[in-house]
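Visitor: Could you walk me through this one while I have it open? I'd like the cut-offs spelled out as we go.

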Amino acid sequence: MMLTLLDELLLFSGATLLVALFIGRGLAAGWMVTILYGGQLLALLKMAVLGYGGGTIASSLSFEIMGQELSWRFDGLSWFFALITIGSALLSSWFSCGAWERSYIRQGGNIWLFHTAMALNVFTMLILLASGDLLSLFIGWELVSWAGFLLMVLAGGVATSAAMRYITYAMAGGMAIFGGLALIYTASGSLQLEAVTTAVEQMSGAKLWLLVILFGGGFGVKMGLMPFHLWQAPAYAETPGPGSAFLGAISSRMGLFAILLVLVKLFGIVNIESLKLPFTPIDARDLLAWIAVFTIILPTFTAMKQNDARHLLAWHGIGQGGYMLLGVVVADAMGGAGGLLHVFNHATYQAALFMAVTAVIYRTGTSDLNKLGGLVVRMPLSFVVLLIGIIGLAGLPPMNGFVSKWLVYRSLLNQGMPLLFLAAVIGTLGTILSVYKLIHNIFLGQLRVEHEHVSEAPWSMMIPMLILSAIIFVTGLLPGIPLEWVASALQTVGLPVPDHTLGGIESASGSLDMIWVIGVLFAGFGVGALVFYSAGRSKRVHQLDNYAGGHFLSADVRYQYSDNFYAGLMHLIGGWYRGSFLWLERSIRSLVEFLSLGMQGLYRRANAEFYLLTTALFVIAWVVI
Amino acid sequence: MSATELLIELTLMPLVAFVVGMMMVLMMRRIAAKLQRRVGPPFFQPLYDIVKLHSKRTQVSHGLIHDIGIVMAMGGYIAAETLLPVPGMNGIAEKGGIITLLYLMMIPSLGLALGVGQCANPNGSIGIARALTAMLAYDIPLVIVVFGVAYAAGTTNLIDIIATQQAGGFETWGVTQMPLLAIAGLIAMHASLGKQPFEIYIAPAEIATGPMVEMGGKYLGGLFVMQCFQLYTTAVLYVSLFLGGGTTWFDFLLKSFLVLAIPMSIAYLFPRYRTEDLLRLMWKWPVMLGLIGIAFVI
């Protein structure tokens, strides 16, 4: 039997898992696993034809269960997501080797479990991405859910409860998907991918609605779509540093992959659009778009209130997922491209941001935004990485996040959707506020006495961070590179592809050429620098040599603004943070607890006569009636 | 267009912006002087100020980011000018469009925010926090306005937006076609200039001029240059969106100065708002006008 390219990739990934599992205790294990991720990347690149034009590469593995054939294959969409998965795993794993690993072990962490959990995540994600029918999709889905749980639960303590919360949501989502599969099976008698299309043709409106809700909700849980967003931020934030970089980069995008596959490719946006919500002018597509928009705004403004850098980033991760879904459900050429491109861009800057924050934690021992400050003079490279990352996250030129958001804005503009457009921009503005707080409270302002002797992050951590920063900038300068892959993925799911060039987008209604935009931007900086540095030489002063309204500053005086950062804004909108979703979650939990207590009480009360009497009464009633 | 011509345009556009911007600063000061019954500064005062600040002997730096922040504040606007068409020169306007321009205009603020951050002075940081909040306030009506104009014109290309307006004279100007959006845009523009009554992030009496607290010499000089560019960019953008751009330099500059004179005159008649009042005002009136305006467009 000849091994196909996909077989090679899956075998490589499986081998990585085995290496981590059996020799993951040694200190060299991290490097070995990292090299194996590199091998996976090479195996993936051998399939690069998928990323440039499409086609399918099947795996030779397939079998039948109860008349249903299970098969695995890769296409343009799978390749695109796999590239991000393996890329972020490679860099996160590299980041974890050496210095970080040693400190993790010193603090009592189990490095074997960490490497194994990472490798398992990558392996299961590849299996999910390769799924060739609905049953293998479901199996892959469950595997990914449980693998994610393993990584999240590692840190123990708070992380455990966050991971438990995640798995509760994930299981509920899994059940919803299972329900959807059952519906499709009863309608079409098959679980092949085409069965969805057949089922859609045969089903009535109400059943289709149910399908959209079951699949949208089930996959949406993973993406942290509203109202299923509560689990994600704490779960990702509390994962050990490189793990949160990996999870934040790609994990929840598996939900988007499944939505693209099932709802966009098989269901068809046209069919979703034809589902009207009774008594309203809204259809199912609008509903998804509005869910996306609320997923952008609410988590972004929640992020703004966070005082822990990791939690702040994790909340933004949820918000950025909204842009991806928004672009995809608008589903014109620019929207689809923007949504998918944002998956790639988000992975790059989110990983870089989590790594930079982890580097700060490594050196200072805290990610509390009220206990840091002024670190730019001690950790300048980490500052640069964080800066590049936040410019990407905020979606400003010259970084890659701008291009994908520009595409989403443009699609909303072309389609004439002012409110969605406005909401998308509000999300971006909120992000700008929030990320400035992040960089200000960590790197700017007053350097604390206890951080006087902190040094730059070690090179083992720095190099992956710098590689990511380079990717963020280069794909911002030349968005044509990832847009090629995006185009291939778009073709796979049957969405239109925008005209793109190496520097951006060609369109009759307004183009974008990032090479020119970034060119003039840096020329402008050059002129600005010329003016600035040709003026008189400046003298560097100590941070305490500062205006303090007539007082002298000394090292023991804390002269920093970090808490309640947007006080004026919070005067107005502070009262709007009601925690309604938390309240909802708590009330559901209480209800379940109450019911189970009731059941337990009934069950524990071993009152045989009472049960006998009740049963007898029921039987008599049934017979009589 | 040949490469040389393009290079000349790319050099001239920021240069013109700078010179006109200085004259706008002068106009602002003269208006203030008139309203306060003073004589006001002489014609070349803005130029004197910039030269003076850049040649001061005491130049206090709080570190590299402090310097880079000022460079970014100037450089971002220099780059933005090449995306803003003026009579006879389009620069690279068609390679970016209005959305890119709006986002490029945020780069100077980001640079300033970084620079102020390294000054390690809470007054400055509070100022930046307020400035970013102000941005959140006025940008919401502003993007509604930009959406409306771009949707009505069917393009994000500023050259086309201007051409559509010039096609039928005053009849096809943005301000006659979309008066509600024009009003909303004017209010948002006023707030974006950060002048009274929206001068919340300078607030000398509370936070010792906020972002400027540790800025002296060429640092303040850089901010002065940035202000020249800011006044020019804001005014020209408004003229391009609503007043049909300019066919000749004369009517182009006339419109730009006139439109800028409106917020300037209001600014020196009113005291200052609080941050939350600014948010409330911006999110209510211009947003409402803008949304109604958009309803007419779509």
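Visitor: How many residues of chain B are in contact with chain A?

Guide: In this predicted model, 74 residues of chain B are in contact with 61 residues of chain A, where contact means that the C-beta atoms of two residues, placed from the backbone, lie within 7 Å. Local features need pLDDT of at least 70 and side-chain atom pairs count only at pLDDT 80 or more, while totals for chains, interfaces and linings use all residues. Residues are numbered from 1 along each chain as its sequence is written, with chains lettered from A and ligands numbered from 1 in the order in which they are written.

Visitor: Which element gives the largest share of the chain B side?

Guide: That is H7(B), with 17 residues; helices (H or I, at least four residues) and strands (E, at least two) are DSSP runs numbered from the N terminus. The side of chain B that touches chain A divides into 36 nonpolar, 26 polar and 12 charged residues, with Ala, Val, Leu, Ile, Met, Phe, Trp, Tyr, Cys and Pro counted as nonpolar, Asp, Glu, Lys and Arg as charged, and the others, Gly among them, as polar.

Visitor: And in which sense do E6(A) and E1(B) pair?

Guide: Strand E6 of chain A, residues 539-540, pairs with E1(B) in the parallel sense over 2 bridges, and two strands pair if DSSP finds at least two bridges between them. Within E1(B), Ser61(B) is the bridge partner of Arg540(A).

Visitor: Back to H7(B): at what angle does it pack with H10(B)?

Guide: The angle between H7(B) and H10(B), residues 179-193, is about 150°, and their axes are 9 Å apart; axes are lines fitted to C-alpha atoms, for helices over the stretch in contact, and angles run from 0 to 180 degrees between N-to-C directions. H7(B) and H10(B) are therefore roughly antiparallel, the word used for angles over 145 degrees, whereas those under 35 count as roughly parallel, 65 to 115 as roughly perpendicular and the rest as oblique. H7(B) passes H10(B) in a left-handed crossing, meaning that the near helix is turned anticlockwise from the far one by less than a right angle, and clockwise would be right-handed. By class, 13 nonpolar, 3 polar and no charged residues make up the contact of H7(B) with H10(B).

Visitor: What about H2(B) and H12(B), how do they cross?

Guide: Their axes come within 7 Å and cross at roughly 150°, which makes H2(B) roughly antiparallel to H12(B). On the H2(B) side the contact is made by Asp49(B), Ile50(B), Leu53(B) and His54(B), and the residues from H12(B) include Lys218(B) and Phe224(B). The classes in the contact of H2(B) with H12(B) are 5 nonpolar, 3 polar and 2 charged.

Visitor: Switching to chain A, why does Leu375(A) count as buried?

Guide: Leu375(A) counts as buried because it has 24 C-beta neighbours inside 10 Å; the cut-off is 20 or more other C-beta atoms within 10 Å of its own, with 12 or fewer for exposed, partly exposed in between, and C-beta atoms placed from the backbone. Leu375(A) lies in the loop between H16(A) and H17(A).

Visitor: Which residues does Leu375(A) touch?

Guide: Not counting residues up to four places away in sequence, Leu375(A) touches Val360(A), Ile442(A), Phe443(A), Leu447(A), His451(A) and Val454(A).

Visitor: And how many residues of H11(A) are buried?

Guide: In H11(A), residues 241-251, 11 of its 11 residues are buried, Phe246(A) and Gly248(A) among them.
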